[in-house]
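Q: Take me through one part of this structure in close detail. I would like the binding site listed in the UniProt record, set in its surroundings.

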Amino acid sequence: MKLTMNLPGIPPRTSDVIIGEGLLQDLPAALRSYLEGRVAYWIWDENVWNLWKERIEKWSWGEWLKGHLILFPASEPNKRLAAVEELGRQLAVAGADRESALVAVGGGVTGDVVGFLASIYMRGIPHFQVPTTLLAQVDSSVGGKTGVDLPEGKNLLGTFHQPGAIWMDAQFLETLPDEQLRQGMAEVIKTAMIGDEVLWKYLESHSEAIKKRERDALVRVVTACCIIKAKVVESDERESGYRRILNLGHTVGHALERLSEYRIRHGDAVAMGMVVAAKLALKRGLIIRGDLDRLEKLCEAWELPVRIPPEFSPKEIIFALKTDKKRVGKTLHFILPVRIGEVMDCDDLDMGELEDALASLRGK
Ligand SMILES: NC(=O)c1ccc[n+]([C@@H]2O[C@H](COP(=O)([O-])OP(=O)(O)OC[C@H]3O[C@@H](n4cnc5c(N)ncnc54)[C@H](O)[C@@H]3O)[C@@H](O)[C@H]2O)c1
Ligand SMILES: O=C(O)C(=O)C[C@@H](O)[C@H](O)[C@H](O)COP(=O)(O)O
Ligand SMILES: [Zn+2]
């Protein structure tokens, strides 16, 4: 299926999201219609390349990749400005110019880094995304947020730069380790919590099908998440307000990632952050106990953590919120769940309230 995201601007822009299985074989041909004569430089996550190169060779992609393939060792610790510089230098040596375009093939780290590079290389060239993790298919490849981390905070350097098109092929998820499928499920659960109760119920009854990587189940989940994300991004591309809902669980989540020097993975951090948000909502009487229980149960079904590691104190976590991008002056916008399928932007959270919620969820 193809979803077209309509974005404002003069002239207005679009970003196509193409979802299915078996799209890969014909990807170069599909890309051609978007390139408008540009030369594509492919930046592949090195792990993905090693797992998929034989198949790619069989599909005769050779001509497309010759002299235009760059491998990137993707990992959260490498989501740094130094990686952007290194890739930029490789592009320059390979001869990429203003008439070039980048194609990012990999997970969220590759997508964020390559998207960022595309937005600044020779002051900006187009880019396309081919997400290969569940997390990247349901979330990071859509919406145009790009960037890298700093020791002081997550994604603190970045741009908005929309990909011209995004191809999601469920085939890629065949080689994805279980650990990474789990990480993606945290963003799936987040997306269902912010806007899709039907998806939530599906997740409650189809964990096994998703774990077995049944193609129908994967495509169903990826499509539902992309529909929600596309709607939110269309209405507030640059996060002046409404888009903040996509940050459910990320306020505390990003703080934990930063405090752990990025050893805690993004999905795990978001799961803990969502439980903290739900606990705060419960204390305020916004959500019923049953919905918090359902959130914990669904996270646990995916072995996602629902308690804060004891080595991080509530005070430290609160201190780490200083660099949250949803802070405007003294106001911190904190997304709270109201019920399964609905969240609200709370701008009057008291740090004492947060400290209590963090303390009550601190693991032993
Ligand atoms: N831009 C956004 O809107 C947005 C949204 C959500 C998350 N993110 C970012 O995404 C990042 C996390 O992304 P991620 O979880 O995809 O991590 P990742 O890109 O590091 O990929 C995880 C691991 O899976 C491997 N991998 C990728 N595809 C594979 C495949 N098909 N088969 C086997 N192995 C494969 C990678 O090599 C890596 O080791 C974080 O930095 C997060 O901040 C960005
Ligand atoms: O697309 C968005 O908007 C999101 O918030 C999606 C998040 O899942 C993602 O982790 C994003 O990178 C967080 O953005 P940030 O602006 O809080 O760094
Ligand atoms: Zn996220």
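A: First, a term. A helix here is a DSSP run of H or I with at least four residues, and helices are numbered from the N terminus. The model itself is predicted.

Start with the record. The unreviewed UniProt entry lists Glu187, His250 and His266 under "binding site". These residues span 80 residues in sequence, yet no two of their C-alpha atoms are more than 10.2 Å apart, so they gather at one spot.

Take Glu187. Its place is in helix α7, residues 178-195. Is Glu187 buried or exposed? It has 27 C-beta neighbours inside 10 Å, so Glu187 counts as buried; the cut-off for that class is 20 or more. Setting aside residues up to four places away in sequence, Glu187 touches Leu135, Val138, Asp139, Gly267 and Val270.

Now His250. This residue sits in helix α10, which covers residues 250-259. His250 has 25 C-beta neighbours inside 10 Å and therefore counts as buried. Beyond its neighbours within four places in sequence, His250 is in contact with Val270 and Gly273. Val270 is thus a shared partner, in contact with Glu187 and with His250.

Next, the ligand. Glu187 and His250 both belong to the shell around ligand 2. Asp139, a contact of Glu187, is also in that shell. The other residues around ligand 2 are Gly143, Lys145, Lys154, Asn155, Glu239, Arg243, Leu246, Asn247 and Lys325. By class, the shell divides into one nonpolar, four polar and seven charged residues.

Two shell residues, Lys145 and Lys154, lead to a strand pair. Strand β7 takes in residues 145-150 and strand β8 residues 153-160. The two pair in the antiparallel sense over five bridges. A hairpin of two residues joins β7 to β8. Leu150 stands opposite Gly153 in β8. Further along, Val148 has Leu157 in β8 as its bridge partner. β7 is mostly covered, with five of its six residues buried.

The record also gives this region a wider frame. Its unreviewed entry places "domain: 3-dehydroquinate synthase N-terminal" over residues 71-182. That span is 35% helix and 29% strand. The C-alpha atoms at its two ends lie 25 Å apart.

Finally, the nonpolar packing. The largest nonpolar core has 107 residues. Ile43, Leu102, Val103 and Met193 have the most contacts inside this core. Helix α11, residues 266-283, gives the most to the core, with 11 residues. Val103 shows the packing up close. Leaving aside neighbours within four places in sequence, Val103 is in contact with Leu31, Ala40, Trp42, Ile43, Phe128 and Val130.

For contrast with the buried site residues, look at Ser235 in helix α9, residues 215-235. Ser235 has 11 C-beta neighbours inside 10 Å, so it counts as exposed. The C-alpha atoms of Ser235 and Leu7 are separated by 8.3 Å, although the two residues are 228 apart along the chain.

Notes. Residues numbered from 1 in each chain as written. Chains lettered and ligands numbered in written order. Predicted model: local features only at pLDDT ≥ 70, side-chain atom pairs only at ≥ 80, totals over all residues. Near = placed C-beta within 6 Å. Nonpolar A, V, L, I, M, F, W, Y, C, P; charged D, E, K, R; others polar. UniProt positions renumbered as here; feature names shortened; annotations may be inferred. Pairing = 2+ DSSP bridges. Core = buried A, V, L, I, M, F, W, Y, C linked by C-beta atoms within 7 Å. Buried ≥ 20, exposed ≤ 12 C-beta atoms within 10 Å, placed from the backbone. Contact = placed C-beta atoms within 7 Å.
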